[in-house]
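Welcome, and please open your viewer for a short walk through some strands and the cores they help build. Which parts are worth selecting, and in what order?

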Amino acid sequence: MERRTFLRAAVAGGGSMAFGFTLWSEALAYPAKTGTSPYGSLRTADANGIQLPSGFTSRVIARSTRTVPGTSFTWHSAPDGGACFTDGTGWIYVSNAEMGSGAGGASAIRFSSTGSITGAYSILSGTNRNCAGGDTPWNTWLSCEEVDLGYAYETDPFGAKPAVRRAAMGRFKHEAAACDPDRKVVYLTEDETDGCFYRFVPTTWGDLSSGTLQVLKEVNGVLSWANVPDPDGSPTRTRKQVSGAKIFNGGEGAYYRNGTCFFTTKGDNRVWAYNAVNNTIAIAYDDNLTANPPLTGVDNLTGASVGDLYVAEDGGNMEICIITPDDVVAPFLRITNQASSEICGVAFNPAGNRLYFSSQRGTSGSSTGGITYEVTGPFRTSL
């Protein structure tokens, strides 16, 4: 049987439905196929080396080891996962630092209502390889350590409160976090070749100091959630504690919307869609299931209010690709002459008309060469 036919049959038959990006999409719409972007083709690279669709422009807002323009704050090396938060009439963009040996952490840049930079500061320091994470409905940023027995830290994007280690969320090679306010849980990905997909159930929603860590199981095609006996991961790692735990090859970014948690796995270049309403899972994108796949090296992802997903590449040809609600995948932008880097930290400002992201190692290929960008333009607000 052809591989794409086999995998599609396995998804449909393995206790799962292939459902579209919204609850109203046609069944068996997944996986996304190569097509034409709603924004059209990419233009020649601009002065920042970024190819964009017509009507869009880019600017550099920060460079690693240099002061953020208009401030006295030095931007961190190896910028990674990020998110935006409303700040009065302006907003804040937070970014992780994927540095080891205690040099990790997270920083923030504050913007006015016009997009001018008004401040920058640290919100977490002294941690290790803070890769991805996720925002919470109560306006904090979960910054996650991508190391063995790593922690998740809850930080304050506004810089007023100290960061807090959330040990109850488990110790493992954390990657991303995505809050589900409907079921009052936080989904967590794990960056291991035999990693798992977790959810943390807080004792009290809005307070991550205590709760239950669970792992997704699949037995005879049926999905269920099981408690992880020892969330501290010692002596047995969390992914090894529950029989029947469903294995994912290198969990990366995660994003929740309308009952579905989308997450990526870099080992097989897939975007998954966990339907929390029906407790089913589907392959939303697989580079082996479409001709001339534009998206490889899947990593961080985010979404626009209109329903589009934006997935960043770690490697590939340094693109951010869009996956539309009608399951078309196409390049949205491409960074040129930075083949030794990766794109990360994709996030929209609250109005949805500015997209932020970083090239972790920039043109130099070194963690000290990171560049953080903003793209402005006519992002669509209706289909």
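Two strands count as paired when DSSP finds at least two bridges between them. Keep in mind as you look around that this is a predicted model.

**Stop one: a hairpin.** Select β25 and β26, which run antiparallel and are joined by four bridges. Within this pair, isoleucine 343 sits opposite serine 359 of β26. Now follow the chain through the hairpin's turn: five residues lie between the two strands, and glycine 352 there has a positive phi of about 75 degrees. Is β25 mostly covered or uncovered? It is mostly covered, with six of its six residues buried.

**Stop two: the whole sheet.** Add β27 and β3 to your selection, and you have an open, antiparallel sheet of four strands in the order β3-β27-β26-β25. Because β3 (57-63) and β25 (343-348) each have a single partner strand, one side of each is left without a neighbour in the sheet. Direction ignored, neighbouring strands here are turned by 20 degrees against each other on average.

**Stop three: the other edge.** Zoom in on β3 and β27 (residues 371-376), an antiparallel pair joined by six bridges. Here alanine 62 has threonine 372 of β27 as its bridge partner.

**Stop four: the cores.** Show the side chains of Tyr310, Phe332 and Phe357, which touch the most other members of the largest nonpolar core, a group of 24 residues. Among the strands that each supply at least two residues to this core are β25, β26 and β27. The largest share, four residues, comes from β24. Finally, select Leu142, Cys144, Cys179 and Leu213: they belong to a second, separate core of 20 residues.

How values were computed:
Residues numbered from 1 in each chain as written. Predicted model: local features only at pLDDT ≥ 70, side-chain atom pairs only at ≥ 80, totals over all residues. Heavy atoms only, no water. Axes fitted to C-alpha atoms, helices over the stretch in contact; angles between N-to-C directions. Core = buried A, V, L, I, M, F, W, Y, C linked by side-chain atoms within 4.5 Å. Buried < 20%, exposed > 50% of the residue type's maximum accessible area, 1.4 Å probe, protein only.
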